[in-house]
Amino acid sequence: NFKEKKFFVENYDKIKFFGSIILFILYIVALDIIGFLFASIIFITLFNILFDPVRNKKSTINSVIISVVASVVLWYTFGYVFNITLP
């Protein structure tokens, strides 16, 4: 029955939901200001920290490493392998 369906589950994590929306909007704005590479590194790190169930020094360092490696690989792949410029 469609009438019994709800868009949000009860007791959803409002911080993660609204934090994701705010981070995504800020990421789009930051792309024009600081460019793809630095904006991606910053915001992937922030997304990882937001969704990380354990917040400690090791997990934060892992988040930074993951975001740097992923961003640089994407930037290099699109910029130099496929010759597509990113913002």
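Is Phe7 buried or exposed in this predicted model? Phe7 is exposed, since its relative accessible area is 75%; here buried means under 20% relative accessible area, exposed over 50%, and partly exposed in between, worked out with a 1.4 Å probe and protein chains only. Phe7 sits in the segment before α1. Helices are DSSP runs of H or I with at least four residues, strands are runs of E with at least two, and both are numbered from the N terminus. Along the chain, Phe7 and Phe18 are 11 residues apart, and their C-alpha atoms are separated by 15 Å.

A word on the ground rules. The model is predicted, so local features need pLDDT of at least 70 and side-chain atom pairs count only at pLDDT 80 or more, while totals for chains, interfaces and linings use all residues. Residues are numbered from 1 along each chain as its sequence is written, and side-chain values use heavy atoms, with hydrogens and water left out.

Next come the first two helices. α1 and α2 pack at an angle of about 170°, and their axes lie 9 Å apart. The axes are lines fitted to C-alpha atoms, for helices over the stretch in contact, and the angles run from 0 to 180 degrees between N-to-C directions. The two helices, α1 and α2, are therefore roughly antiparallel to each other; angles over 145 degrees earn that label, those under 35 count as roughly parallel, 65 to 115 as roughly perpendicular, and the rest as oblique. On the α1 side the contact involves residues including Ile15, Lys16, Leu23, Tyr27 and Leu31, and on the α2 side residues including Phe36, Phe43, Phe47 and Phe51. Contact means heavy atoms within 4.5 Å.

Two residues of α2 also reach partners further along the chain. Phe36 is found in helix α2 and is buried, with a relative accessible area of 14%. Leaving out residues up to four places away in sequence, Phe36 touches Tyr27, Leu31, Ser71, Leu74, Trp75, Leu86 and Pro87. Phe18, by contrast, lies 23 Å from Phe36, C-alpha to C-alpha, with their positions 18 residues apart in sequence. Ile44 belongs to helix α2 as well, and counts as partly exposed at 29% relative accessibility. Beyond its neighbours within four places in sequence, Ile44 is in contact with Ser67 and Ser71. Ile44 and Ser71 are 27 residues apart in sequence, yet 8.5 Å apart in space, C-alpha to C-alpha.

The surface has a nonpolar patch too. Its members are Phe18, Ile21, Ile22, Ile25, Leu26, Val29, Ile33, Ile34, Phe38, Ile42 and Leu46, which together offer about 1,000 Å² of accessible area. The elements giving two or more residues to this patch are α1 (14–34) and α2 (36–51), and the largest share, 8 residues, comes from α1. Patches are made of residues with over 30% relative accessible area and no salt bridge; like charges are joined within 9 Å, and nonpolar side chains (Val, Leu, Ile, Met, Phe, Trp, Tyr) within 5 Å. The areas come from the Shrake-Rupley method with a 1.4 Å probe, and for residues only the protein chains shown count as cover. One patch member, Ile33, lies in helix α1 and is exposed, with a relative accessible area of 66%.

How many salt bridges turn up? A search of the whole structure finds 1, where a salt bridge is a side-chain nitrogen of Lys or Arg within 4 Å of a carboxyl oxygen of Asp or Glu. Lys16 forms it with Asp13, and the closest N and O atoms are 3.9 Å apart. Both partners are partly exposed: Lys16 has 27% relative accessibility and Asp13 has 39%.

Finally, there is the C-terminal side of the picture. Tyr76 is in helix α3 (residues 57–81) and counts as partly exposed, at 46% relative accessibility. Tyr76 and Leu86 are 10 residues apart in sequence and 10.0 Å apart in space, C-alpha to C-alpha. Asn83 is in the segment after α3 and is exposed, with a relative accessible area of 64%. The phi of Asn83 is near 55°, a positive value in a residue other than glycine.
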